[in-house]
Amino acid sequence: MEKTNGFHHTNGNGQLVADMIGDDHSLTSPKTPLNYDAFLTSDNEKMVKIEHHFRKIMETLGLDLEDESLNGTPYRVAKMFVNEIFSGLKPDQKPRMMVFDNNFKYGQMLVEKNISVNSTCEHHFLPIYGKAHVAYISSGKVIGLSKLNRIVEYFSRRPQVQERLTRQIAEELKSVLKTEDVAVVIEAKHMCVMHRGIKDQGSSTITAEYCGSFKNANTRHEFIQFTGMNLNRNV
Ligand SMILES: [Zn+2]
């Protein structure tokens, strides 16, 4: 199937697919690779197709789909993929951001730590779970604290690699808050490392994106201290 990098394609109505996909897929941001027709199929049509194909996978493995414990699984998986764990692929699920003036004139960094990350590795379709710590220094605009959690959740609900997830969150924060002064750190465990392959139960992966003044060692150090991150400890 045709892939797109520049999102110059139009749908049948001549609408630029880039418009439908939204800001998080602008050319400068770390894009999730999507087909040009990603949003031309309805959620219901996607669920019907996934149910069909997942049934075939289970049958291929030799499972008896007449068994009452198994026969609802293809539908459950299809519904879970479309409505839950991959719902962050859909531009209309992107959290609406109300931005407020920083009336308190708080000019120091704001840190929201230990935000739950529940994502899925795009290489094995197994869970990635852990914590995100995000910070910004207001340029005059602020957002509700829970919006930080919602941004993390939205980008987590996609097939992901941790590096891209980290960058997508940082780019979105920069764009919403109109500042470069943003930092995102994710500490996470990958089921594909723990339960298969190398089977390492103890390791976790840390990724960080430091932008603007967070590139400064002192600012970065203050942020890391606020998070209480101990790089010798497991998530
Ligand atoms: Zn993996």
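In this predicted model, helix H4 (residues 145–156) packs against helix H5 (residues 162–177) at an angle of about 135°, and their axes lie 10 Å apart. Two packed helices are described by exactly these quantities, the angle between their axes and the distance between the axes. Angles over 145 degrees would count as roughly antiparallel and those from 65 to 115 as roughly perpendicular; H4 and H5 are therefore oblique to each other. Their crossing is right-handed. On the H4 side, the contact is made by Ile-151, Val-152, Phe-155 and Ser-156, which meet Leu-165, Gln-168, Ile-169, Glu-172 and Leu-173 of H5. Sorted by character, the residues of this contact comprise 6 nonpolar, 2 polar and 1 charged.

Attention now turns to the sheet. Its 5 strands form an open sheet with mixed pairing, in the order S5-S2-S3-S6-S7. The edges are taken by strand S5 (159–160) and strand S7 (205–210); each has a single partner strand, so one side of each is left without a neighbour in the sheet. At the S5 edge, strand S2 (residues 109–121) pairs with S5 in the parallel sense through 2 bridges, and Thr-120 has Pro-159 in S5 as its bridge partner.

Further along the order, S3 and S6 run antiparallel and are joined by 9 bridges. A handy landmark here is Gly-130, whose bridge partner in S6 is Ala-188. Ala-188 also has a bridge partner in S7, namely Thr-205. The pairing of S6 with S7 is likewise described by its sense and its bridges: antiparallel, over 6 bridges.

How enclosed is S6 by the rest of the structure? Of its 9 residues, 9 are buried, so S6 is largely enclosed. A residue qualifies as buried when 20 or more other C-beta atoms lie within 10 Å of its own. In a regular strand the side chains alternate between the two faces of the sheet. For S6, Val-182, Val-184, Ile-186, Ala-188 and His-190 point one way, while Ala-183, Val-185, Glu-187 and Lys-189 point the other way. Both sets are buried, and the charged residues Glu-187 and Lys-189 belong to the second of them.

A further helix is associated with the sheet. Helix H7 (residues 217–227) lies across S2, strand S3 (127–137), strand S6 (182–190) and S7. Relative to S2, helix H7 runs at about 70°.

How values were computed. Residues are numbered from 1 along each chain as its sequence is written. This is a predicted model: local features need pLDDT of at least 70, side-chain atom pairs count only at pLDDT 80 or more; totals for chains, interfaces and linings use all residues. Axes are lines fitted to C-alpha atoms, for helices over the stretch in contact, and angles run from 0 to 180 degrees between N-to-C directions. Helices (H or I, at least four residues) and strands (E, at least two) are DSSP runs, numbered from the N terminus. Angles under 35 degrees count as roughly parallel, over 145 as roughly antiparallel, 65 to 115 as roughly perpendicular and the rest as oblique. A crossing is left-handed if the near helix is turned anticlockwise from the far one by less than a right angle, and right-handed if clockwise. Two residues are in contact if their C-beta atoms, placed from the backbone, lie within 7 Å. Two strands pair if DSSP finds at least two bridges between them. A residue is buried if 20 or more other C-beta atoms lie within 10 Å of its own, exposed if 12 or fewer, and partly exposed in between; C-beta atoms are placed from the backbone.
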